[in-house]
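Work through the following exercises with the sequence and the model side by side, and try each task before reading its solution.

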Amino acid sequence: MDSAVGSAVVVGAGVLGACVSYHLARQGVRVVVVEEARPAAGTSGATFSADVTHLKTPYAYYRLNRQGSEEHRQLSEALDGPAWRHPAPLLQWADGDAAHQALRERALRAKGWGHDCRLAPPSVLRELAPAVDPAACGADEVVVHESTSWFDAPRFVHTLLAAAVRHGAETHYGVAVTGLTRKNGRIVGVQAGDRTRSADAVVNCAGPGAARVAAFAGVRLPLRQVPGLVTESDPLPGGPLTAILAAPDIDLRPTPGGGVLALSWDVDARLDGADGPRVDGLPQELHRRAGAVLPGLARARIEDARIGVRPIPSDGLPLVGEVPGAPGLYHLVSHSAVTLAPVLGRLAARELTTGRSAAELAPYRPDRAVPGDVQDENLRAMNRRRPQPRREPQGETAP
Ligand SMILES: Cc1cc2nc3c(=O)[nH]c(=O)nc-3n(C[C@H](O)[C@H](O)[C@H](O)COP(=O)(O)OP(=O)(O)OC[C@H]3O[C@@H](n4cnc5c(N)ncnc54)[C@H](O)[C@@H]3O)c2cc1C
């Protein structure tokens, strides 16, 4: 931004829109949130939403995620006690020597970066996650991440928006942004419903819809849309799951209601379809895989199955800031944005309210040269399982 803003329209009420709105409103900016559906109706309502810091590379991006994780703790203490943030150990294990060696090397690298993790014998499962069938872990070693959390993302969104409203933000739900207005070359507002809303800046937090919003200004964001399926079970008989689990081919975490949330990249790879995601039988497949790790799930039902669309920048790293040619339109889009929202929302608000660039955000400008391959190792692994990722119709290359 070349100057400080006194008013902003925030497009989208997911984790990023809620967080930047909170920080802007708190600093005295007149904020109007425009959301086409309702808060957390998008990806933030259909996400695994665990702290994924340990998966992140390169080092600067790992640090950014770690800062996000730390700021979740600070925000939850400041705003709502521990309500959306649920500390729990995260346990990882792998099948086969090569996969185990890769996991071990990643854990040692993270430890070298100061990450709170250790290698432990599989008996640690009895202590930290007694609901796990010991036979489900064939590995000699388990990686234990001690200081991690899972997040109730919809609750985070609602809490942050409520706090933004207490600081004067206005919210308009069920209204889509269908265009942007310009004056002297600068974006100065949005068309939403039957009216135009003017502001010093428009903040594009539309998640998987962000490329469409950018296109209203002639900007091409390098974004892909990657669908993911999560199932939520009703309460786990015998007591709740007490850890986040990254087992071969299935990830599991507790839910606020005492059930289990399941996700599998293998299953997600089967969501690709020419006519949109195909889900036939896939929730049952996820539930079956989850039950192979947590035998108690055989007596629980699938309560809900949701598909979220991951907004993934082409190199896997966040897109934050303006693009030349469309000053006044500030993009805030990222994968892993549940972990990152507190730090990205705070830094974006600081840039907008001061007009000064934050050094921490320098690697993430939307007009950077985006390499062909993903930077984040986690996404590289996911891409290997996905023969044909779907792409946003407008904009596969950096502007
Ligand atoms: C299966 C899955 C697992 C995941 N696991 C994790 C994880 O473990 N940890 C993690 O940190 N992240 C995870 N993520 C990623 C994370 O959930 C997303 O990065 C994050 O939710 C994106 O938030 P957002 O606010 O950018 O977008 P969204 O939550 O999608 O919010 C964007 C909002 O904008 C609105 N909108 C769109 N277009 C318009 C328009 N034109 N006008 C008005 N409103 C509009 C939408 O309705 C939506 O509510 C996962 C995602 C998926 C799908």
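**Exercise 1: Placing the ligand**

Domain 1 (7–46 + 154–221 + 313–385) and domain 2 (85–149 + 225–311) both give residues to the shell around the ligand, so the ligand lies between them; the domain bounds come from an automatic or database domain assignment. This is a predicted model, in which local features need pLDDT of at least 70 and side-chain atom pairs count only at pLDDT 80 or more, while totals for chains, interfaces and linings use all residues. Residues are numbered from 1 along each chain as its sequence is written.

Task: describe which residues come nearest to the ligand, and the classes in its shell.

Solution. Begin with the 42 residues around the ligand, of which Gly 12, Gly 14, Gly 42, Gly 207 and Gly 228 come nearest; a residue counts as near if its C-beta atom, placed from the backbone, lies within 6 Å of the molecule. Then sort the shell by class, which gives 23 nonpolar, 16 polar and three charged residues, where Gly is counted among the polar ones.

**Exercise 2: Relating the two domains**

Task: state how far apart the domain centres lie and how many residues meet.

Solution. Taken over C-alpha atoms, the centres of domain 1 and domain 2 are separated by 29 Å. Next, count contacts (C-beta atoms, placed from the backbone, within 7 Å): 10 residues of domain 1 are in contact with 11 residues of domain 2. On the side of domain 1 that touches domain 2, the residues divide into five nonpolar, four polar and one charged.

Terms used:
Two residues are in contact if their C-beta atoms, placed from the backbone, lie within 7 Å.
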